[in-house]
Amino acid sequence: MIGWFARRFGHLLLVMFGASCLVFLLIHLIPGDPIEVMLGEHAQAADREALRARLGLDRPLPVQFGAYLGGLARGELGTSIHSGRAVAELLVERLPATVELTLAALLFAILLAIPLGISAALHHGRARDATAMTFSLIGVSVPNFLLGPLLILVFSLWLGWTPVSGRMGFSSLLLPALTLGSGMAAITARMVRGSLLEVLREDYIRTARAKGLGPRAVIWRHALRNAWLPVLTLIGLQLGALLGGAVVTETVFSWPGIGSLMIESIQKRDYPIVQGCVLLISLSYVLVNLVTDLAYAWVDPRIRLGSSE
Amino acid sequence: MNHFGWRAWPWLILAVWAFLALFGARLAIDPNQIDLQAILRPPGAADWFGADALGRPVAARLIAGAGTAFHVAFSVILISAILGSLLGAMAAWRGGWLDRLLSLLVDLLMAFPGILLAIALASILGPGLNNLVIALSVVGWVGYARLARAQILSLKTSEHVLAAKALGVGEGVIVLRHLLPLAAAPLLVEATFGVASVVVAEAGLSFLGLGMQPPDASWGSMIRDGARYMLVAPHLVAAPGLAIFIVVLAVNIVGDRLRDAWDPRHR
């Protein structure tokens, strides 16, 4: 178990390091001059040189790379070109909103998907199954940037129940969380259904039924315990999609999180901030995946035993 | 409608989409024609889709948007599915450092939520259709590479491959003619669902202002522009929204059916 954990942790560090390098390469190696992009084609040569020197872009690439990694190790991510504030500080300011939104969306998705999936599987092939799966197919097919404006139109503009945008208390969280969580709810419901149906075909379920256990006990004690595993992996993977989807959802609702910060900074061509946002979101994603793996190992003893040899 | 006809509707949607994308430009309505008299005109009997905030015909812009979505979706899927499958298959077949290198690269790219990487790439490359295709392909090939690698790994020791090897068949031929065709079914299912996610990604990036640039039309940028007038002209969001929804739904249903046909466990 300890060996397995150490290997996973080593892999995590490697991927985090690699992701950081990749972000650096993205910004620095792609053809085109970021200075020109930031200042426009008609900027004075002197202004360009001044900005280049301020951002350290006049130094050789390996030196810049060393400085970048050194900064990362100290938690420094550079400063904003426009406001001059530390990027790390801006990220810390915006992070709670994104965490709040993502967790709310996750909670909504799980609370909706699990009962829906179980109920569909237990009524396999009948009307309730078909209805649940139709809803889930619709949920998968409606993108965030469409659902968001539609929800705003109905619940904010017509009914006046929730604020149109911003982050002011619980009511303002409802629509963004619903928007962000709907796709995940749909995918998870399908997975719960599929996984449960597969487990219900196993011999040990027939055995449990044959020894006279009631349907409730068969589902809860025997079927669901094993149906969880693929669902858990999917939830971990989907959390990454949530973190990515948050960029769009936050923009729709002017939710003051990392995602809207990133889009604002892209529009202002404030690349140090964009770089910081990409790094923060992807590192969170890697961490989430590690936690999922750990949870998986905790739930399924076969994985611990299988890989600790 | 009889049973068969009803089940064919997703294919019909896809056919209409392809037709509008390929021949829509010849339908002689200019999607960028500004008509100040028509600003925010609601849908009516004469004009089913109305006009947008600049008085441009929404119907023509929907057709132009169908072209954008189609062009991006098929370019991205072709590039990323072919490149990803070949890379994954070669890595699995050769093994050794090539396989380790590919796995590392795949792990690195998987460390980013896909849409995030696409947004970052699109913002660095600058807006425009071709950059959008590049950004989405860079993100997209990873899934096919992983899938092809896993498939080939499980197939490479099968007897027909050993036989081909023993007969002295070249490795390019073994991978292309004897291995990849056997792995084609899951890759094709993946590519079908891929069309849906690329349509959504293209619209999403255009919604964020990173894809198609004005005045050219994309369903995503139509939603972005229309959202401002939602209370007075909801058709500006509803029309492109419905277009995206129907196309994505049709693709997903086709994908589900293909998967069910090849992998009956999902039924």
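**An all-helix chain and its two-domain partner in the model**

Chain B turns out to have 11 helices and 0 strands. Walk along its sequence and the pattern is simply α-α-α-α-α-α-α-α-α-α-α. It should be said right away that this is a predicted model, so everything here describes computed coordinates. As for dimensions, the C-alpha atoms of chain B fit a box of roughly 75 × 50 × 30 Å along the principal axes.

How much of chain B is buried? Of its 267 residues, 48% fall in that class. Many of the contacts in chain B also reach across the sequence: take those between residues at least 6 apart, and 71% of them link residues at least 24 apart. On the outside, chain B exposes about 12700 Å², with carbon and sulfur atoms supplying 68% of that area. Charges come as 18 positive and 15 negative ones in chain B, and the mean positions of these two sets sit 6 Å apart.

One peptide bond in chain B deserves a look. Most peptide bonds are trans. The bond joining B:Pro214 and B:Pro215, however, is cis, with omega at about 10°. B:Pro215 itself belongs to the loop that runs between α9 (184–207) and α10 (219–226) of chain B.

Over to chain A, starting with confidence. The average pLDDT of chain A is 83, and 94% of its residues score at least 70. Which elements of chain A mark the two ends of the confidence range? Helix α5 (residues 87–122) of chain A has the highest mean pLDDT, at 92, while helix α13 (residues 301–307) of chain A has the lowest, at 57. Where pLDDT is low, the predicted coordinates should not be read in detail.

Chain A splits into domain 1 (2–73) and domain 2 (90–303). Measured out over C-alpha atoms, the centres of domain 1 and domain 2 of chain A are separated by 32 Å. The two domains do touch: 15 residues of domain 1 of chain A are in contact with 14 residues of domain 2 of chain A.

Chain A has a backbone oddity as well. Most residues other than glycine have a negative phi. A:Ser254 is not a glycine, yet its phi is positive, about 45°. Where does A:Ser254 lie? Its place is the loop between α10 (215–253) and α11 (258–267) of chain A. With a relative accessibility of 45%, A:Ser254 counts as partly exposed, because that class lies between the 20% and 50% cut-offs.

Definitions and conventions. Residues numbered from 1 in each chain as written. Chains lettered and ligands numbered in written order. Predicted model: local features only at pLDDT ≥ 70, side-chain atom pairs only at ≥ 80, totals over all residues. Heavy atoms only, no water. Helix = DSSP H or I, 4+ residues; strand = E, 2+ residues; numbered from the N terminus. Buried < 20%, exposed > 50% of the residue type's maximum accessible area, 1.4 Å probe, protein only. Contact = heavy atoms within 4.5 Å. Areas by Shrake-Rupley, 256 points an atom, 1.4 Å probe, with all protein chains shown as cover. Lys, Arg positive; Asp, Glu negative; His and termini not counted. Charge placed at Lys NZ, Arg CZ, Asp CG, Glu CD. pLDDT = per-residue confidence, 0-100. Domains from an automatic or database assignment.
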